[in-house]
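I opened the file to go through its sheets, its helices and a few backbone angles. My notes follow in the order in which I looked things up.

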Amino acid sequence: MERKMEESTVRDVETGSEAGGEDALVGNVNKLTVSPPGYSGAPRKGHLVFDACFESGNLGRVDYISEFEFDLFIRPDTCNPRFRVWFNFTVENVRETQRVIFNVVNFSKTKSLYRDGMSPVVKSTSRPKWQRLPAKNVYYYRCPDHRRNYVMSFAFCFDREDDVYQFAYCYPYTYSRLQHYLASLERRNLPYLQREQLGLSVQQRQLDLLTITNSDHLNAEREKKLVFLTSRVHPGESPASFVCQGVIDFLVSQHPVAQILRDHVIFKIVPMLNPDGVYLGNYRCSLMGFDLNRHWQDPSPWAHPTLHAVKQLIVQMNQDPRVSLEFYIDVHAHSTMLNGFMYGNVFEDEERVQRQAVFPRLLCQNAPDFSFSNTSFNRDVVKAGTGRRFLGGLLDDTSYCYTLEVSFYSYMTAGSTAPVPYTEETYMKLGRNVARTFLDYYKLNNLIKDNRPTHIQSSEVMSQTGDSNARGNGVGREAADREKEKSQSVRR
């Protein structure tokens, strides 16, 4: 049956202005009350209030379709209408047992892990731990009502009237969360950790650089091995921040492997290359609409200041005869593939090709969610401006540059029959395993005392931030289960 959108009354609580047309996608909705068509007067319980005017928020428009159905429009990245993937918004003024279907109707990508069972994440004020919606309540399909674009619809039942519910594409990791985390590390006054401001973004947010090493144990006469790691050049790829935090948490811990690594290697980490994009709720771009991972060849100090600062530092270290810059790893999240995997570069020298494969092979042995079969080496022209490709050409043949990708959704392990959805903790565990792999790569295993096991238990490396101790029943889950058949019967 063909569906027609009814004209709804949507008012901005702060301005009282009405919103609706295509031109309403330049900013986020701000405490937007969506009432039935023709309704006037004070909003009633169940007249949903949508908001995305908060850090990393994204929702550009809401259309009322019926009392239980709403079309949602992602706000494009700032100054770049091409990218519409990340969403992060709240809903309040709900009625207990109120059932809804939300249709996200304007994704810019057609290929998506929603085809493979991925679902959005949700939390509420009384249950602050993020969790994935049941996959059975999520549908991804071509929709004739939206020019045959792909639409992701999900059914949900609100179960607590006083709660504010929050929905997101994946577990958010905000700029403020990073700042709190780094401040907590600084307060520990660890002698082997240094935090410095490498530069500022266009909007004057801090570009942090961490150096983790035990300088007392580094031999002044010997060349210092250096590993450089960056993350969040693409702001919507929040899993990259959890992986990066896992690396940091492990390297600053008292685990015997971490202690040995600090004695032999210098780790330099830039946890958030695109702080403005993260803060603004963009998916791919910076404030000014640039995909920073295509501008490594010639970054502008005013248009791409964070990239410019990092490139300058890497070039400077590469020219220092006392330092051997052996690894550059840029951490990303992938929207269509499962597991963790790597991209590397293509070389004419076969021996260098084999050496480049060593680290991902070792990581595959340490991390059950890492796939060597998904790992590939390429020289695509469109990737020429990426950190991996540019630095691969700049650094000498003893250096290895990788993009580390991790799925937005899940991983398959050896012998598993169904994908295992990633959690914040399992993303961090992959980061810990990345750090651990350097022990194998540098053949330092013989330095482990007392034959202690070198594998990592999550309890050994306590996370310094996040809400991982929160508990709660599935948000809306019991009610959604009860309404499964009804929600499945809804057709356009």
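Before anything else I fixed the exposure terms: a residue is buried under 20% relative accessible area, exposed over 50%, and partly exposed in between. I also noted that this is a predicted model.

**Entry 1: positive phi**

I began with Arg147. Is Arg147 buried or exposed? Its relative accessible area is 72%, and the cut-off for exposed is over 50%, so Arg147 is exposed. I placed Arg147 in the loop between β10 and β11 (149-157). Its phi is near 55 degrees, a positive value in a residue other than glycine.

I then turned to Lys31, in the loop between β1 (9-12) and β2 (32-35). Phi of Lys31 is near 50 degrees, again positive in a residue that is not glycine. Lys31 has 31% relative accessibility, so I entered it as partly exposed.

I added Lys443, which follows α9 and has a positive phi near 55 degrees.

**Entry 2: the sheet of 5 strands**

I traced an open sheet with the strand order β4-β5-β7-β11-β10 and mixed pairing. Which strands stand at the edges? They are β4 (61-66) and β10 (138-143); each has a single partner strand, so one side of each is left without a neighbour in the sheet. I noted an average twist of 25 degrees from one strand to the next.

Within this sheet I looked up the pairing of β5 (residues 69-73) with β7 (residues 99-104), which is parallel over 4 bridges. Glu69 stands opposite Ile101 in β7.

**Entry 3: the sheet of 8 strands**

I found another open sheet, of 8 strands, ordered β13-β14-β16-β15-β17-β20-β18-β19, with mixed pairing. Its edges are β13 (193-200) and β19 (376-377); each has a single partner strand, so one side of each lacks a neighbour in the sheet.

I checked the β13 end. β13 pairs with β14 (residues 206-212) in the antiparallel sense over 7 bridges. Arg195 has Leu210 in β14 as its bridge partner.

I went on to β15 (residues 224-231), where 6 of the 8 residues are buried, so I noted the strand as mostly covered. How many bridges join β15 to β17? There are 8, and the two strands run parallel. Val227 stands opposite Phe327 in β17. β15 also runs parallel to β16 (residues 265-270), joined by 6 bridges. There, Thr230 stands opposite Val270 in β16.

I then looked at what crosses this sheet. Helix α8 (residues 387-394) lies across β17 (323-334), β18 (340-344) and β20 (400-407). α8 runs at about 165 degrees to β20.

**Entry 4: α1 and α2**

I took the packing of two helices next. Two packed helices are described by the angle between their axes and the distance between the axes. For α1 (residues 175-187) and α2 (residues 239-251) I read an angle of about 0 degrees and a distance of 13 Å between the axes. That makes α1 roughly parallel to α2.

Which residues meet? From α1 they are Arg177, Tyr181 and Leu185, and from α2 they are Phe242, Gln245, Ile248 and Asp249. I sorted the residues of this contact into 4 nonpolar, 1 polar and 2 charged.

I checked α2 by itself as well. α2 has 13 residues and reaches 19 Å from its first C-alpha to its last, close to the 18 Å expected at 1.5 Å a residue. Of its 13 residues, 13 are buried.

**Entry 5: α5 and α9**

I repeated the length check on α5 (residues 305-318). Its 14 residues reach 20 Å between the first and last C-alpha, close to the 20 Å expected at 1.5 Å a residue. I listed buried residues of α5, including Pro305, Leu307, Val310, Lys311, Leu313 and Met317.

I closed with α9 (residues 424-441). What span should its 18 residues have at 1.5 Å a residue? The expected value is 26 Å, and the end C-alpha atoms are 26 Å apart, which agrees. α9 is mostly covered, with 16 of its 18 residues buried.

Note on methods. Residues numbered from 1 in each chain as written. Predicted model: local features only at pLDDT ≥ 70, side-chain atom pairs only at ≥ 80, totals over all residues. Heavy atoms only, no water. Expected span 1.5 Å × (residues − 1). Buried < 20%, exposed > 50% of the residue type's maximum accessible area, 1.4 Å probe, protein only. Axes fitted to C-alpha atoms, helices over the stretch in contact; angles between N-to-C directions. Parallel < 35°, antiparallel > 145°, perpendicular 65-115°, else oblique. Contact = heavy atoms within 4.5 Å. Nonpolar A, V, L, I, M, F, W, Y, C, P; charged D, E, K, R; others polar. Pairing = 2+ DSSP bridges.
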